[in-house]
Amino acid sequence: MRKSLQLQAELSAEFGACVFDVTLDCEDGAPVGGEAEHAALVTELALGAPAAARVAARVHPVNHPHFEADVATIAGQAGARLCHLMVPKVESVADVERAVAAMDAAGAAALPLHVLIESPAAVHRAFDIAAHPRVASLSFGLMDFVSAHGGAIPASAMTLAGQFSHPHVLRAKIEMAAACHAHGKVPSHNVVTEFKDLPALQNAVRKAATELGYTRMWSIHPDQIRAIVAAFSPAEAEIETALAIVERAAAADWAPVQYEGRLHDRASYRYYWQVIERAHQTGHALPETVRGWFLA
């Protein structure tokens, strides 16, 4: 956890912006019997992180004996310092309500809630879960999703190639992303475990971003972070086009304009505005006038 926070600080200095979140993990990171001590450590690290850092915490599932204690300790003491709280294995809106109740009881009503979708039932209810006003993001949990099928989906579906070709996994990913976009929430793609094959990783990230509609992705190893940031960043040519169109639109008081023989109006302005926002979030240098317009 400390190494992740250090890497975040180094890349923030390099890019001029915090380009990824660090999630301090209680679900898989805490030893059995040491849950309370681990939650205290997560709280300590979150409170001690630099002001510009983006630090989140993943607590135990809502049906785990230590869930309420995790939330009370971490959100109760460090909620104002966290960028979000992640709750795994959410199956229904009732689970979301239970998480919200625990956060409210801890005094963390303003803390964004992210949830992990990890089973067929959760995918079925993804639209309802995404519609909840306290949910800011849904993440897909590949390994648990495959395991939840009792062997009906082979282990190969958890590999880099298989997770983008097996029909059940592909359908679940698309459904979850669609649920997020239907309700203005952020879809976050699962990890890719093959961290040494960077070309394959880059191809996977490209598919997640350009074919499946994901706007964020988890990493499982520090070597993956640059590839993920690069793949989710707009290309320089796309940024230049977006700047040119938005600047022309602003000069025309947002009336329709033409650019390189194509007509643009407010529908496409929204898209190019989002390109500029993504450029800012991934550390691209932008003109000060544009930063002032859109990104203050």
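**From a buried leucine to the parallel sheet**

Leucine 5 has a relative accessibility of 15% and therefore counts as buried, the cut-off for that class being under 20%. The model in which this residue is examined is a predicted one. Leucine 5 belongs to helix H1, which covers residues 2-15. Beyond its neighbours within four places in sequence, leucine 5 is in contact with Val22, Leu45 and Val55. A further relation can be given through the backbone: the C-alpha atom of leucine 5 is separated by 9.1 Å from that of proline 50, a residue 45 positions away along the chain.

Helix H1 also contains serine 12. Once neighbours within four places in sequence are set aside, the contacts of serine 12 are with Ala17 and Cys18. Between the C-alpha atoms of serine 12 and lysine 185 there is a separation of 25 Å, with their positions 173 residues apart along the chain.

From the helix, attention may turn to the sheet. Seven strands make up an open sheet, arranged in the order S1-S2-S3-S4-S5-S6-S7, and their pairing is parallel. The edges are occupied by strand S1 (22-25) and strand S7 (216-217); each has a single partner strand, so one side of each lacks a neighbour in the sheet. In general, the strands of a sheet pair through backbone hydrogen bonds, in either a parallel or an antiparallel manner.

Within this sheet, the pairing of S4 with S5 can be followed in detail. Strand S4 comprises residues 113-117 and strand S5 residues 135-140; the two run parallel and are joined by five bridges. Leucine 116 has serine 139, in S5, as its bridge partner.

The wider setting is that of the whole protein chain, which contains 13 helices and nine strands. Its radius of gyration is 20 Å, close to the 19 Å given by the globule rule for 296 residues, so the chain is as compact as a globular protein of that length. Along the principal axes, the C-alpha trace spans about 65 × 45 × 35 Å.

How much of the chain is buried? Buried residues account for 47% of the 296 residues. Among contacts with a separation of 6 or more, 68% are between residues 24 or more positions apart.

The surface completes the account. The protein chain exposes about 14,100 Å², of which carbon and sulfur atoms supply 56%. As for charge, the chain carries 23 positive and 32 negative charges, and the mean positions of these two sets are 3 Å apart.

How values were computed
Residues numbered from 1 in each chain as written. Predicted model: local features only at pLDDT ≥ 70, side-chain atom pairs only at ≥ 80, totals over all residues. Heavy atoms only, no water. Pairing = 2+ DSSP bridges. Helix = DSSP H or I, 4+ residues; strand = E, 2+ residues; numbered from the N terminus. Rg over C-alpha atoms; globule rule 2.2 N^0.38 Å. Buried < 20%, exposed > 50% of the residue type's maximum accessible area, 1.4 Å probe, protein only. Contact = heavy atoms within 4.5 Å. Areas by Shrake-Rupley, 256 points an atom, 1.4 Å probe, with all protein chains shown as cover. Lys, Arg positive; Asp, Glu negative; His and termini not counted. Charge placed at Lys NZ, Arg CZ, Asp CG, Glu CD.
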